[in-house]
Amino acid sequence: MPTFLTDSIPAAKPATMQAIVFDDFGGPEVLVTRELPAPELRPHDLLVRNASIGVNRADLYHRKGAYGRASFGDADTMGLEIAGTVIEAGPLVQGFSVGDRVMGIVGGGAYAEISRIDHRMAIHVPGNLDLVDAGAIPEVFVTAHEALFHLAGLCAGESVLIHAAAGGVGSAAVQLAHAAGARVFATASGDKREAVLGFGADVFIDYRSEDFQTVVAQATDGKGVDVVIDFVGAPYLEPNVRSLAVGGRMVMVGLLGGSQGAALPMDLVLYRHLRIFGTVMKSRSPEVKQAMVQRFAQRWLGGLESGALRPVIDSSFALADAAQAHRHMESGVSIGKILLLPGNGK
């Protein structure tokens, strides 16, 4: 396996940079490239010259106006995750130096050549991992770890049903659950079967042609699974609950199918001693997000170093082609992460 050595000491921060902005909410066409001042360094910050930028579904919601013009702590421009090389470090930074290869989660401002990130949200990129590929890791793997282990408490020998298993968080969740020794049921469209099985799923369910509640019941002799990780929302609430075993836990990570019209079998929640959690990272406090990142790194950085865990990358686009990247995500055909690459892309 190749080793990617630390880059040579990077050039100092320029006064300006290229970034993606939008003047009005709307479709992908509102995204444009503009020259902006480079971010100012705060005491706990790293300034990072981005090698790659992860595209997340939250970015689509941001572009459409779901969050208004809110700032999320680091910038009021778009983007949540980066990988790149440190070009400056604040006076209170610990554990990082100029020239280090890092990946991490930012509170806005990823869609740019340079981003600032609180060092407590950053993770060193393992030497055997390509820096561009590292941009596909932070948001999805941290979210998947939080849902599976911190909230649901998934243990070796248990079973888990993961929906949208070909997506960014879903593909990460399948890998983590498999690595933890769980039996993994995974739903996706049938054309993504081989990819999802390759991530480590034990039972693949084509949501277009199979009823996942029936498949789970048959495969578990009617017991159900211990954990459900759901991204769909209202349409799946009742069958998800009916698919849970006694003492089961469900974590809601998204609402792709909407939030209205859900039916909750309250008798099952009561008599099966079920627990239902919701989690979203974007609106959490900095302290909570820092703890989430650190929990993931402490448990799984070794798996990234060994290659047992891997970023799943669907495609990459030049930063200036952010609109095209958003269209690709909205098409629903992607498997894993979509990346933006400052410069010419590839």
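Reader: Hey, what volume does the largest pocket have?

Author: This is a predicted model, and its largest pocket has a volume of about 1,300 Å³.

Reader: OK, and how many residues line the largest pocket?

Author: The lining has 46 residues. Nearest the centre of the pocket lie R57, A164, F231, G254 and L256.

Reader: Which helix gives the most to that lining?

Author: Helix 3 does, with 4 residues. Helix 3 covers 138–151, and among the other elements that each supply at least two lining residues are helix 1 (57–64), helix 4 (168–179) and helix 10 (322–331). Strand 9 is also one of them.

Reader: How do the residues of that lining divide into nonpolar, polar and charged?

Author: For the largest pocket, the split is 24 nonpolar, 15 polar and 7 charged.

Reader: You mentioned strand 9. Which way do strand 9 and strand 10 run, parallel or antiparallel?

Author: Parallel: strand 9 (residues 183–188) is joined to strand 10 by 4 bridges. Within that pair, A186 stands opposite F204 of strand 10. Between the two strands the chain passes through helix 5 (residues 193–199), making a right-handed β-α-β crossover.

Reader: And which way do the residues of strand 10 point?

Author: In strand 10 (residues 203–206), V203 and I205 point one way, while F204 and D206 point the other way. All of these residues are buried. That fits a wider pattern, since side chains in a regular strand alternate between the two faces of the sheet.

Reader: Switching topic: how many cavities of 30 Å³ or more are there?

Author: A search of the whole structure turns up 1. About 50 Å³ of space lies in the largest cavity.

Reader: What lines the largest cavity?

Author: The lining is made of F72, L80, I105, V106, G107, E139, M281, K282 and K289. By type, these residues come out as 5 nonpolar, 1 polar and 3 charged.

Reader: Now A110, where is that one found?

Author: A110 sits in the loop between strand 5 (101–105) and strand 6 (114–118).

Reader: Why does A110 count as buried?

Author: Because its relative accessibility is 0%, and buried means under 20%.

Reader: How far apart are A110 and F317?

Author: In sequence they are 207 residues apart, and in space 14 Å, C-alpha to C-alpha.

Reader: Last one: what does UniProt list for residues 26–340?

Author: An unreviewed UniProt entry lists them as "domain: Enoyl reductase (ER)". In the model, that span is 31% helix and 26% strand, and its end C-alpha atoms lie 20 Å apart.

Key
Residues are numbered from 1 along each chain as its sequence is written. This is a predicted model: local features need pLDDT of at least 70, side-chain atom pairs count only at pLDDT 80 or more; totals for chains, interfaces and linings use all residues. Side-chain values use heavy atoms; hydrogens and water are left out. On a 1 Å grid over the protein atoms alone, a cavity is a set of points where a 1.4 Å probe fits but cannot get out, and a pocket is an open set with protein on both sides within 12 Å along at least five of seven lines; lining residues have an atom within 4 Å of a point. Grid points are joined across faces, edges and corners, and a volume is the space filled by probe spheres set on the points. Ala, Val, Leu, Ile, Met, Phe, Trp, Tyr, Cys and Pro count as nonpolar, Asp, Glu, Lys and Arg as charged, and the others, Gly among them, as polar. UniProt positions are given in the numbering used here, feature names are shortened, and annotations may be inferred rather than shown by experiment. Buried means under 20% relative accessible area, exposed over 50%, partly exposed in between (1.4 Å probe, protein chains only). Two strands pair if DSSP finds at least two bridges between them. A crossover is right-handed if, with the strands pointing away from the viewer, the path from the first strand over the helix to the second runs clockwise.
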